[in-house]
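Student: I should like to learn how to read the features of a protein model. Could the discussion begin with the structure itself?

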Amino acid sequence: MITRIINILKSDKGVSDYRINILKRESYELFFVHKDLETVRSTDTTDIKVTVFVENGDKLGDATFSVYSSYTDEMIAKEIESAKKKAALAGNKPYALPENETGIWESKSNFKGYSAPELAAMVADAAFKADSYEGGSINALEIFIYKDTVTVKNSRNIDKTETQYSAMVEAIPTWNGEKESVELYECYNFTEFDASAVTAEIDGKMREVRDRLVAIKPESKLNCRVVLTASELGHLFGNLASNLNYSSVYNHVNAFSKGDDVQKSPVGDKLTVTMKGRMTGSVSSCAFDASGVTTRDAEVIKDGKAVGYYGPVRFASYLGEEPTGNIRCIKAECGTLTDKELSSAPYFKCVSMSGLQLDIYNDYIGGEVRLAYYFDGEKEIPVTGISISGKLSDALSNMRLSNEETTYESYKGPKYAVFENIEIV
Amino acid sequence: HTGEKMVMAREGTYSNLMREAIDGIPERIPVLVEKVKKLATAKPITPGVYDVITDPSISGLIAHEAFGHGVEMDQFVKDRALAKEYVGKYVASPICNMHDGAAATFSTASYFFDDDGVLAHDTQIIKDGILVAGISDLVSATELGTEPTGNGRRQSYKRKAYSRMTNTFFTPGKDKLEDMIKSIKHGYMLFETNNGMEDPKNWQIQCTAEYGIEIIDGKLTDNYVSPVVMSGSVPELLKSISMVSDDFKIIGSGSCGKGYKEWVRVSDGGPALKVRVKLA
């Protein structure tokens, strides 16, 4: 099929350049309702997307279409013709497409040692091992095992393929009290199977949902430091870094540029963030991006200042910079805050939020908290039904970062961070 | 760009006809310019519980997040939805009526049949404040012994079908918007959906509006606040609905996920609502 597509593209003089992106996904999926296996799915699908580039005077346009396995040569030719017309309407500034690079990669993973059904069953066993509490249970569990073969080819001798392994577990831990029942949502992605790690992850959520049942709404306003953990920190630092993506800078939607202070007058720990293409254990790790650029790391924030940009080839080219590829893994340096120092004064640690709301333009950080632990100086008390709200610039300037590193999804960095002056409402 | 901060705003036109959507753009430009100037002066809101008027997009967000997810009947099968225990009971103010369906109105989530092959329906979910029905796919309906409602949708042929919303909205009432604003001594009118999150088990809601305008002594002021996060208990919110405007707008540019996956196109909307809710 690919050879046929390439031959048709090459024979069409109206096509200046082309790119073909292929995603072959083999999946094995289990859907449990309580402990009953309701549905088993297995898929083997291939997505082919063809992008046609058309030079139009001093402009370069492109248009993309999908090709399905049932397409004849005539249908492919018709799609190319339609894409050429659309591309001719898109008058973009030209940029140099990636060229002359080939390679084959395979992400590090022990998934290869198992068949997909075997692995899915082991993941399910590991998850349900945590369903061992009187009063608590896993209401629903969905397991997705993926083997992805990602390929990009273009008209300039780019031909790269990477095999990626990943798994996703979605679990709904529930705790039933006398009068009510509460739940939390857990979504856990990994690339290396470790049964004890899966059990520990789900077990941690089971204990949190147990605490959510007894969690109280504070009678009076809490005034103390707010602690955010890895999942929220990945979102926060990723949001800051996105302002330094070439596309944000070129389109003038970045809130700050190279040389600007990301943290204004920091009195806490200074932030250093590197965007990475490959990170062991991360489902966002990739050897190359969709354009075919081999990914490389970029330090974007150093000691609280924006120091670099990153991003895809098109906008890198427009800005006269070297592309890093569209990289999505985040590495933040740890700070100086110890557990002992954290426990030296009251704090409010958010462990489950509906979603951390960030608005750089309006200088806002906040969100609804489903479960937090309020440390009153002696013990942690589970708390629920409240929100946090504050000025983002203020939070960043007084931020203290844990001296202990952790990995969560596409984030590697401080296990937690402490913020002053965030209101608990 | 004010020199101290950068502000972004958006305006849009909505139609199922491309020509209509494009033709509507020029008249939105001066509105957009005025809006971004006002947003440049926006301040953070003082957190608290307020009387609020919601614009149709926020009304739709409430319908979708607060209630829609809670009545997806695959959640009934999993004992994940508190709403299951409230079928036939009051869950909202008696002036509140809500629908969902691919055949309930004509918008982005309209179709003739769902991904299970069940014909599209118009399902009334809340009637005069009482929860009367949920929405289901074929598997859930079979397990519950109910009729499927044409809400079996999948992100693509590669994904499983689940019970999903389509076009979800409150129906118009009898009040005039200007009377609703006049009825508020101190509160806000909220505009433009940013995002929302559901919690069907515990019936909590978090919705974010792009901005709000302060209402003082029954009049809209020049005081803008942004962003605004609305949160709290769904039954409390819906039972607090005290006025419903007589107009209607449905907005079809959103996507909805089941957790953080399974994305499908949806629309939501309705009239303006007067509610009492926590803002931060």
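The dialogue below treats the interface, the salt bridges, the cysteines and two single residues.

Tutor: This is a predicted model, in which local features need pLDDT of at least 70 and side-chain atom pairs count only at pLDDT 80 or more, while totals for chains, interfaces and linings use all residues. Residues are numbered from 1 along each chain as its sequence is written, chains are lettered from A and ligands numbered from 1 in the order in which they are written, and side-chain values use heavy atoms, with hydrogens and water left out.

Student: How is an interface described, and how many residues do chain A and chain B each bring to the contact?

Tutor: The size of an interface is often given as the accessible area lost when the parts come together. Buried area is that loss, found with a 1.4 Å probe and summed over both parts. Here chain A and chain B bury about 3,500 Å² between them, and 49% of this area lies on carbon and sulfur atoms. Contact means heavy atoms within 4.5 Å; by that rule 46 residues of chain A and 39 residues of chain B take part.

Student: How many residue pairs are in polar contact across the interface of chain A and chain B?

Tutor: A polar contact is a pair of N or O atoms within 3.5 Å; within protein, one must be able to donate a hydrogen and the other to accept it, and residues adjacent in sequence count only if both atoms are side-chain atoms. The rule finds 12 such residue pairs across this interface, both residues being at pLDDT 80 or more. Several strands of chain A each supply at least two residues of the side that touches chain B, among them E1 (17–33), E2 (36–56) and E5 (136–154). Helices (H or I, at least four residues) and strands (E, at least two) are DSSP runs, numbered from the N terminus. The largest share, seven residues, comes from E2(A). By residue type, the side of chain A that touches chain B divides into 15 nonpolar, 18 polar and 13 charged residues. In this scheme Ala, Val, Leu, Ile, Met, Phe, Trp, Tyr, Cys and Pro count as nonpolar, Asp, Glu, Lys and Arg as charged, and the others, Gly among them, as polar.

Student: How many salt bridges are there between chain A and chain B?

Tutor: A salt bridge is a side-chain nitrogen of Lys or Arg within 4 Å of a carboxyl oxygen of Asp or Glu. Five are counted between chain A and chain B. In one of them, Glu170(A) meets Lys261(B) at 3.7 Å, N to O. Both residues also belong to a network of salt bridges that links Glu142(A), Glu170(A), Lys78(B), Arg159(B), Lys261(B) and Glu262(B).

Student: Where do Glu81(A) and Lys84(A) lie with respect to one another?

Tutor: The structure holds 48 salt bridges over all chains, and the side chains of Glu81(A) and Lys84(A) form one at 3.2 Å, N to O. These two residues are three apart in helix H2 (residues 73–89) of chain A, so they are separated by about one helical turn. Buried means under 20% relative accessible area, exposed over 50%, and partly exposed in between (1.4 Å probe, protein chains only). Glu81(A) is partly exposed at 34%, whereas Lys84(A) is buried at 15%.

Student: Which parts of chain B does the pair Glu11(B) and Lys35(B) link?

Tutor: Their side chains form a salt bridge of 2.7 Å, N to O. The pair links distant parts of the chain, 24 residues apart: Glu11(B) lies in the segment before helix H1 (18–23), and Lys35(B) in helix H2 (residues 25–39). Glu11(B) is partly exposed, at 29%, and Lys35(B) is buried, at 6%.

Student: How many disulfides are counted over all chains?

Tutor: A disulfide is a pair of cysteine sulfur atoms within 2.5 Å. The count over all chains is zero. For Cys286(A), the nearest cysteine sulfur is that of Cys329(A), 6.9 Å away. The sulfur of Cys96(B) is 14 Å from the closest one, in Cys207(B), which is too far for a bond. Cys96(B) is buried, with a relative accessible area of 1%.

Student: Which residues does Ile130(B) touch?

Tutor: Leaving out residues up to four places away in sequence, Ile130(B) touches Gly88(B), Lys89(B), Tyr90(B) and Ile125(B). Ile130(B) belongs to strand E4 (residues 130–131) of chain B. The C-alpha atoms of Ile130(B) and Lys89(B) are separated by 5.2 Å, although the residues are 41 apart along the chain.

Student: Is His69(B) buried or exposed?

Tutor: His69(B) is buried, with a relative accessible area of 3%. The residue is placed in the loop between helix H3 (56–68) and helix H4 (74–77) of chain B, and a polar contact of 3.2 Å joins the side chains of His69(B) and Glu72(B).

How values were computed. Buried area is the accessible area (1.4 Å probe) that two parts lose on being put together, summed over both.
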